[in-house]
Amino acid sequence: GTITFTIIKPGAVKNEHIGPILDKISDAGFHIAAMKMVQLSRSEARSFYCIHKDKPFFEDLVEFMVSGPIVAAILQKENAVDDFRKLIGNTDPTKAEPGTIRHMFAKSVQANAVHGSDSDENAQKESEYFFAGYEKF
Ligand code: ATP
C-alpha cells in the first residue's frame, strides 16, 4: 500500500489519547509501519511547519509543538494520504465531522490532536525526516 505520515500532537499525548487514537487508526485499516515518541526541538518544529513561517500563528504553533513529547508514525494503506485526511477531519475541530479523530480528541485549531500529510510527496519527505534511513516500500 501507499504511506502517510502522522504526528500525535503534545495536547493529545498529555491527555492520554495515544491509545484511543491508535485504536481508531488500526480500526480504519492502517498498518503502523514505524512509530516513535520524541521531543521536538524548536528548530525541528520550525522546520516541520516552515510552510507556515509567515503566518500570524506560527510562533504559537512552534511553542505548542515543543510543549511536550509527540508520537510520530508512518501509516500504510491503499490511498493512505486521502483516507487518513478523511479519518482525522477538518483542521478546525468545530468543523470536523462526528467520528473523526479531531472531532473526538482536538481541543482547538492549534491543539488539534493529530497531523496528517497532505500529499504523497510530503508523506515521503516527512517520513524520511523522522525516520532516517527510511526508504520507499
Ligand atoms: P496538519 O498539517 O497539522 O495536518 P492541516 O493540514 O489540517 O494540519 P494546516 O493548514 O497545514 O492544517 O495547518 C497546520 C497546523 O497549524 C494545524 O494543524 C494547526 O495546528 C495550526 N494552525 C493552522 N491554522 C491555524 C490558526 N488559524 N490558528 C492557530 N493554529 C493554526
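**Ligand shell, core and fold of a predicted model**

Q: Which residues surround the ligand in this predicted model?
A: The model is predicted. By class, the shell around the ligand holds three nonpolar, six polar and one charged residues. The ligand is surrounded by His52, Phe57, Leu61, Thr91, Val109, Gln110, Asn112, His115, Gly116 and Asp118.

Q: In what order do the elements of the chain run from the N terminus on?
A: The chain contains seven helices and four strands. From the N terminus on, these elements run β-α-α-β-α-α-β-α-α-β-α.

Q: How does the radius of gyration of the chain relate to the globule rule for 137 residues, and what is its value?
A: Along its principal axes, the C-alpha trace spans about 35 × 35 × 25 Å. The globule rule gives 14 Å for 137 residues, and the chain is close to this, so the chain is as compact as a globular protein of that length. The radius of gyration of the chain is 14 Å.

Q: What percentage of the contacts between residues at least 6 apart in sequence join residues at least 24 apart?
A: Burial in the chain applies to 34% of its 137 residues. Among contacts between residues at least 6 apart in sequence, the share that joins residues at least 24 apart is 70%.

Q: Which element gives the most residues to the largest nonpolar core?
A: Nonpolar side chains tend to be buried together in soluble globular proteins. The largest nonpolar core here has 31 residues, of which Ile8, Ile21, Leu75, Phe84, Ile101, Ala113 and Val114 touch the most other members. Two or more residues come from each of strand 1 (2-8), helix 2, helix 4 (58-65), strand 3 (70-77), helix 5 (80-88), helix 6 and helix 7 (120-130). The element that gives the most, with six residues, is strand 3.

Q: Is Ala113, with its positive phi, buried or exposed?
A: Ala113 is not a glycine, yet its phi is positive, at about 75 degrees. The residue lies in the loop between helix 6 (101-105) and strand 4 (114-116). Because Ala113 has 26 C-beta neighbours inside 10 Å, and 20 or more suffice, it counts as buried.

Q: Is Glu16 buried or exposed?
A: Glu16 also has a positive phi, near 65 degrees, in a residue other than glycine. Its place is the loop between helix 1 (10-14) and helix 2 (18-27). Since Glu16 has 8 C-beta neighbours inside 10 Å, and 12 or fewer mark exposure, it counts as exposed.

Q: Where is Lys9 found, and is it buried or exposed?
A: The unreviewed UniProt entry annotates a "binding site" that covers Lys9, Phe57, Arg85, Thr91, Arg102 and Asn112. Beyond its neighbours within four places in sequence, Lys9 is in contact with Met65, Ile70, Ala111, Ala113, Val114 and His115. Lys9 is found in the loop between strand 1 and helix 1. With 25 other C-beta atoms within 10 Å, Lys9 is buried.

Q: In which element is Arg102 found?
A: Arg102 is also covered by the "binding site" annotation from UniProt. With 24 C-beta neighbours inside 10 Å, Arg102 counts as buried. Leaving aside neighbours within four places in sequence, its contacts are Ile88, Gly89, Asn90, Pro93, Ala96, Asn112, Ala113 and Val114. The element that holds Arg102 is helix 6.

How values were computed: Residues are numbered from 1 along each chain as its sequence is written. This is a predicted model: local features need pLDDT of at least 70, side-chain atom pairs count only at pLDDT 80 or more; totals for chains, interfaces and linings use all residues. A residue is near a molecule or strand if its C-beta atom, placed from the backbone, lies within 6 Å of it. Ala, Val, Leu, Ile, Met, Phe, Trp, Tyr, Cys and Pro count as nonpolar, Asp, Glu, Lys and Arg as charged, and the others, Gly among them, as polar. The radius of gyration is taken over C-alpha atoms; the globule rule is 2.2 Å times the number of residues to the power 0.38. Two residues are in contact if their C-beta atoms, placed from the backbone, lie within 7 Å. A nonpolar core is a set of buried Ala, Val, Leu, Ile, Met, Phe, Trp, Tyr and Cys residues joined through C-beta atoms within 7 Å. UniProt positions are given in the numbering used here, feature names are shortened, and annotations may be inferred rather than shown by experiment.
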